[in-house]
Amino acid sequence: MYIDIQGLTKKFKRGEQTLMVLDNISLTINQGEFICLLGPSGCGKTTLLNILAGFENASEGSVLIDGEVVSTPTSRYVTIFQNYGLLPWRNVRHNVELGLEGKKISKSKRKEIAEKYICLVGLDKFANSNPAQLSGGMQQRVAIARALAVSPDIIFMDEPFGALDAMTRMKMQDEILEIKRSQNKTIIFVTHDIDEAVYLADRIIVFSPNPGRIKEIIQVQLKFPRDRNGYDFIRIRDKVFSLFDIH
Ligand SMILES: Nc1ncnc2c1ncn2[C@@H]1O[C@H](COP(=O)(O)OP(=O)(O)OP(=O)(O)O)[C@@H](O)[C@H]1O
């Protein structure tokens with residue numbers, strides 16, 4: 001077991017009131033797993049991700065990663081957000097180098113690492129372009145290259161493809177699966193798209209809201225690449241749909 005969440009509860013103060021956002025979440029995740037956190041808006045997916053990444057503290061319970069208590073963000077884990085988080089005044093290469101700048105790495109080595117990951121995400125021709133010159137999908141690839149450049153053990157992704165059109169989104173899903181396969185990362189991926197979860201995940205953690213609780217954990221044992229129209233895919237998708245009472 002790599003990530004160990006036990007009895008995690010999160011409450012936020014809202015004026016006089018206390019809002020319970022996560023209620024008694026217990027979950028263990030293995031190294032190299034692709035986990036999707038799936039649930040309706042407001043069920044606490046982002047809050048859980050933020051706690052795992054060290055941006056927020058739990059109110060009760062514990063989170064251990066690789067045997068250590070999570071208290072602050074570290075470069076062993078990186079988060080990729082929906083809005084890419086690129087610096088508009090920096091070109092692609094300098095954006096990808098960003099996470100390496102605080103480390104004791106020479107300028108030439110930094111450049112070499114950045115170029116390696118820019119190639120990996122297929123943007124070698126755009127290394128000198130600024131983010132505004134790139135499409136949304138390309139910008140998200142830059143964010144992925146930047147995340148990979150620091151050699152994280154875990155990648156947290158918060159609806160990373162939410163702003164992309166359907167075709168680009170499917171392409172990016174294939175790319176992230178390929179990156180996961182070749183780099184053997186542990187990926188925790190927040191989405192409220194059921195198809196996306198079934199396409200990507202080894203396990204889907206389905207949440208119910210108010211307060212956020214784990215409703216069910218679904219193991220997706222389909223081989224990759226998955227056929228979005230295959231019988232087994234649709235069977236699992238229908239099972240997840242039924243958990244949300246969507247007809
Ligand atoms: N810092 C905060 N202070 C107060 N309330 C918060 C804070 N952060 C989140 N919340 C509340 O916690 C609840 C869960 O929010 P969260 O963003 O984790 O949900 P989510 O499942 O990721 O939703 P979405 O899919 O819409 O992003 C919401 O009601 C939100 O308003």
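**A walk around the ligand and the strands**

Visitor: Which element gives the most to the shell around the ligand?
Guide: In this predicted model, helix α1 gives three residues to the shell around the ligand. No element gives more than that, and the name to remember is α1.

Visitor: How many residues surround the ligand?
Guide: The closest of them are Phe-12, Ser-41, Lys-45, Thr-46 and Thr-47. Elements giving two or more residues to this shell are β1 (3-14), β2 (17-29) and α1 (45-52). By class, the shell holds four nonpolar, seven polar and two charged residues, and the number of residues that surround the ligand is 13.

Visitor: Is strand β6 mostly covered or mostly open, and how many of its residues are buried?
Guide: Strand β6 runs over residues 77-81, which makes five residues to consider, and the strand is mostly covered. The number of its residues that are buried is four.

Visitor: Which residue in β7 stands opposite Tyr-77?
Guide: Strand β6 pairs with strand β7, residues 154-158, in the parallel sense, and the pairing extends over five bridges. Across from Tyr-77, the residue standing in β7 is Ile-154.

Visitor: Is helix α3 parallel or oblique to helix α4?
Guide: The axes of α3 (residues 107-120) and α4 (residues 136-149) come within 9 Å of each other and cross at roughly 135 degrees. Because an angle counts as roughly antiparallel only over 145 degrees, and as roughly perpendicular from 65 to 115, the crossing falls in the remaining class, and α3 is therefore, relative to α4, oblique.

Visitor: Is the crossing of α3 and α4 left-handed or right-handed?
Guide: Here the matter is the sense in which α3 passes α4. That crossing is right-handed.

Terms used
Residues are numbered from 1 along each chain as its sequence is written. This is a predicted model: local features need pLDDT of at least 70, side-chain atom pairs count only at pLDDT 80 or more; totals for chains, interfaces and linings use all residues. A residue is buried if 20 or more other C-beta atoms lie within 10 Å of its own, exposed if 12 or fewer, and partly exposed in between; C-beta atoms are placed from the backbone. Two strands pair if DSSP finds at least two bridges between them. A residue is near a molecule or strand if its C-beta atom, placed from the backbone, lies within 6 Å of it. Ala, Val, Leu, Ile, Met, Phe, Trp, Tyr, Cys and Pro count as nonpolar, Asp, Glu, Lys and Arg as charged, and the others, Gly among them, as polar. Axes are lines fitted to C-alpha atoms, for helices over the stretch in contact, and angles run from 0 to 180 degrees between N-to-C directions. Angles under 35 degrees count as roughly parallel, over 145 as roughly antiparallel, 65 to 115 as roughly perpendicular and the rest as oblique. A crossing is left-handed if the near helix is turned anticlockwise from the far one by less than a right angle, and right-handed if clockwise.
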